[in-house]
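Hi,

Here is the structure I promised to pass on to you. Please open it alongside this email, and I will go through what turned up in it.

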Amino acid sequence: MDAANQALLERAKRARSVSRSLVTKQINKLENEINNSADKTTVHEIYVQLISKYEEMSTLDKEVESLINIESLEDEILTREEYRDKFIIWKIRAERYIGTVSSITFQNSVENQPQNVTPLNNTVSSVLTNQPRLPKLTLESFSGKDISSFPSFWARFKSAVDDNSNLNDVDKFSYLKSVVTSDAELAIRGLTLTPENYAKAVKILEDRFGRKELIVDYHMNRLLNLSPVRKSFDVIALRKLYDQLEINIRGLESLEIFPDSYSCLLFPIIMKAIPPDLALEYNKKHNEKQSQVTDLTTYLRGEVESRERTEILLKPHGSHSYPNKYSERAPPISPQPNRKGQGHSRFYPSHKSGVRASANELLSAAVSNCLFCSEDTHASDMCRHARAICFKLENSLKQNSHIDLEKGKVDVKPTSSNSVLHNRGGVLLQCVKAEVIGHISSDKIFCLFDNGSEKSFIKKNVSRRLGLKKVGSERLNIFSFGCKTPKKQTCSKVEVRLRNILNGEVTVIEALEIEEISKATLSLPSPDVWTEMETKGFRLTFNCSESSENCEISLLIGSDFYWSLTHRIKRLDSSLVAVETSLGWSLQGKCDEQSDCTSVHLIHSEEESISAELRRFWEIESLGIRDNDSVSLGNGDEEILSEFDKSVCFVDGRYRVSLPWKPGMREVLQNNKTVARKRFEGLVRRFKCDHELFCEYKDVIDNYVREGIVERTSCDSLSDSQGFYLPHHAVIRSDKTTSRLRIVFDGSAHEDGHSSLNQSLYTGPNLHPNMLELLLRFRKNPVAFTADVKSAFLQIELDLRDREFTRFFWTDNLNNNPYVLNFTRVLFGLRPSPYLLAATLKHHFKKYKEQYPHTFDLLNSSIYVDDFICGRNDVPDALRTTLECLQIFSDASMLLRKWRTNSKQLDLLWQQEGVETEFSETSATDLKPPIKVLGLAWDSEKDLIYFDPKDLLKFMSRKTESKRFILSVVGRIFDPIGILGPFVIKLKCLLQDLWTLGVDWDSELPQSYDTSGSSGVAKLRA
């Protein structure tokens, strides 16, 4: 090819690359809008833009094909067809969503129709000529999750598409691809749109999801695992049980499996699932004959229908109650008013204190309102809540697992500080209303004085909303009620300016931010008590209208500021006192009024002192020795994992995940553009002094752009004030054989007084295996091998809504102004990134639990972040494991590379199979960077694990010995299995001696501890 044609080809390819990127972006945008159930007009606009961009791309494809060499033509056509397949699928999905079809939900635009796709609406309309106008038919999608729905799905698809003689097989295949999702779509992925592949796709789906024995097993499993109903008055649960029975029995009958064939198996299971009183009644009626499942389901249907009829008859319609003969004699009885946030109260008929309700009142109440829960939707005899404790109250208590109403005493360690909110029988807690003054705004909140708490706490969302000034942070051990072990948490400390709303006096305290102080609400004194306090000269901080409501605690003032704010205490009677504080008067103690809710809350914080940290430093390395090394999931972790399972999805060959946001933090996260811009300007100055660093840096960013890892932020997104900018810098690792320069993005950067992105995200639970156990398993098997995932974090896509929080500044020319890029993938530097990677891998591995059971177990216990550390008993087993792992990771668009082993035979087999290996002859005596396994050096040839001191000696050669220097040396020694224990303990003893002598951090060591003596550092240098 001559130079002119080569230049034209290069120009066309570049233009085509941009066009393909725009098409892909438009498809992603279309997918996002459809998934979020956007307005049809918006989807139509994106759809029209997609068609226009696809036509431009098709024109460029033809231009490239006319200029390209014949050797590259085949690859070019395959790539073009992949884009075309994706375009057709999303075009059809968009049309189905817009609903532009006359008889079937699919209707293709004739003017924009690909050449070999026949519009389905034309076909159907020709079939339905001269027929009555019928309602629109919709072809439902099939995901493969519920195989019992496959027969009905295929029957509808077969009738509308497969049996349609006017459609060719390519059209049928297009429609089939557009209605299968998830597992079903994965089953036929890779088949291109050809007539031959349509039959193959149908065969694959029928073999995988349409097998009769699998559907029978599914229905039988559902029948054998019925959820039991224990109470016959629970009509909703009874109806659900009956419907589940009927659905699965009908499903089996459609497969010609009739109830008589499995009646003896299913009958006792159903009898155990229904309430005992119904089972007894059925046995009384059918005692003389052999019962069948059909008899039992008929009986159950009659019971459910009779209860539903009764419930409808007794249920009042609208605001009209049922008439009764007592309605004229007795006044209407209404429940006591519900208090805000308190569930509801018990029903009390209207009568004076000490006078029993008349029979007329009780009967009238029973007809119009429930005696147990005050609701007007049912009578008392039909109430599900007829129990000693209010049902809504019981539910609210179940939501707070730390609440225990059964035990009269709480067993707490002597060092614990308790704050118990016990509001039964009119017990009032010391609560005031005050104004909090912040940098952004001010607000009036309820404050609880509690000298049983060691620290003061403020709700995080209140602090962030008002813009309170951050003054530091503390690491706490927070004990929840009834828990034996504390929850370790680092809390930000903020300055709280409180204004007395009566006299305007301002008080400043410090409090720790916490997600929730208590979900329980406190009852305020009644209006009568409020009036009595006013007459005695004790002005409360809330008005009379608020006194009948409940308050939510936003600030807890603990012992650290309690007594500095408390002035006088006045005793009103034997059990009630009035307390004067800097914020106003408050009441505390027992009064005569009744309360409907009892709540218990406990906060105990243990500040981890420096001495405790140092004590752990002196102790023997405990990895694998103590039981508390194991990681267990807390309630919060379970919620995070549950949200992950709901949000993770598989899009275009990659997993897409959402960032685990703390509640409300996405909306209040402030833009830190100024900080990021200043940091980038400092980086540019460094680039101008080191042009080689800039070139390496630029190569990494350019590679990110080419692979779609980052994208240029659109002008529309930049106009939005919300978003977050990530400062970045280079980390150069000379010991790395690949990726010598790594760009690290700082998710902890933030403006003064505002949160960072990392502070707004959950870290997520630790899903990695125990490091010691992993190393021991690695050494246990004779054939050991390792690998790592190439750019593991960057292989997982970020949800579209989270990408605006990963912006960063960049420039191709140091003399030009920077522009803004944002990530499309999970990046290294965010707090939850390791969790998102581990959770995604475990989610992906579940797909292969049945196909590769041994490899599935191995992967779950042998992946540590992006490192695969494994061992097998023999070479064939190791080779099989290798190939299965490569396939599993390849399906997630991830590459396992840099394979290393201690077996020459396995290494030879790898090379024959085309496995990417990392050949290294490094040994413990070489000066080259060694192979690392979880931070430890591994001589694969001699199969030795050893500690490589080269970096440590290099560090020691640049420093003068001091107490700070020795502590730095100890901190740089990573020894998870304790092979350096005899040496490290000497350095720790040396530090103890220096501490005892009172040596300053940077002072020279005493003569007896210099390098010429017998110190551990001197021995290490020797």
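Below are some notes on cavities first and then on salt bridges. Please keep in mind that this is a predicted model.

**Cavities**

Searching the whole structure turns up five cavities of 30 Å³ or more. The largest cavity has a volume of about 170 Å³. If you would like to find it on screen, go to Arg464, Glu513, Gly753, His754 and Ser755, which are the closest to its centre among the 17 residues that line it. Three elements each give two or more residues to that lining: helix 16 (460–466), strand 6 (487–499) and helix 21 (665–668). What is the lining of the largest cavity made of, in terms of nonpolar, polar and charged residues? Eight of the lining residues are polar, six are nonpolar and three are charged.

**Salt bridges**

The structure holds 43 salt bridges, and here are a few to look at.

Let's begin in helix 1 (residues 3–35), where Glu10 and Arg14 sit four residues apart, about one turn of the helix. These two form a salt bridge, and their closest N and O atoms are 3.9 Å apart. How open are the two partners? Glu10 has a relative accessible area of 37%, so it counts as partly exposed. Arg14 reaches 61% relative accessibility and is therefore classed as exposed.

The next pair is Asp788 with Lys898, whose side chains meet in a salt bridge at 3.2 Å, N to O. Asp788 belongs to strand 19 (residues 783–789) and Lys898 to strand 25 (residues 896–901), so this salt bridge ties together parts that are 110 residues apart in sequence. Are these two residues buried or exposed? Both Asp788 and Lys898 are buried.

Another salt bridge joins Asp877 and Arg872, with 3.3 Å between the closest N and O atoms. The relative accessible area of Asp877 is 18%, so this residue is buried. Arg872 is also buried, because its relative accessible area is 15%; the cut-off for buried is under 20%.

Finally, there is a group rather than a pair: a network of salt bridges links Arg16, Arg20, Asp61 and Glu76.

If you only have a few minutes, I would suggest looking at the lining of the largest cavity around Arg464, Glu513, Gly753, His754 and Ser755, and then at the salt bridge between Asp788 and Lys898.

Happy to talk it through whenever suits you.

Best wishes

Notes:
Residues numbered from 1 in each chain as written. Predicted model: local features only at pLDDT ≥ 70, side-chain atom pairs only at ≥ 80, totals over all residues. Heavy atoms only, no water. 1 Å grid on protein atoms, 1.4 Å probe; cavity = no way out; pocket = protein on both sides within 12 Å on 5 of 7 lines; lining within 4 Å. Points joined across faces, edges and corners; volume = space filled by probe spheres on them. Nonpolar A, V, L, I, M, F, W, Y, C, P; charged D, E, K, R; others polar. Salt bridge = Lys/Arg side-chain N within 4 Å of Asp/Glu carboxyl O. Buried < 20%, exposed > 50% of the residue type's maximum accessible area, 1.4 Å probe, protein only.
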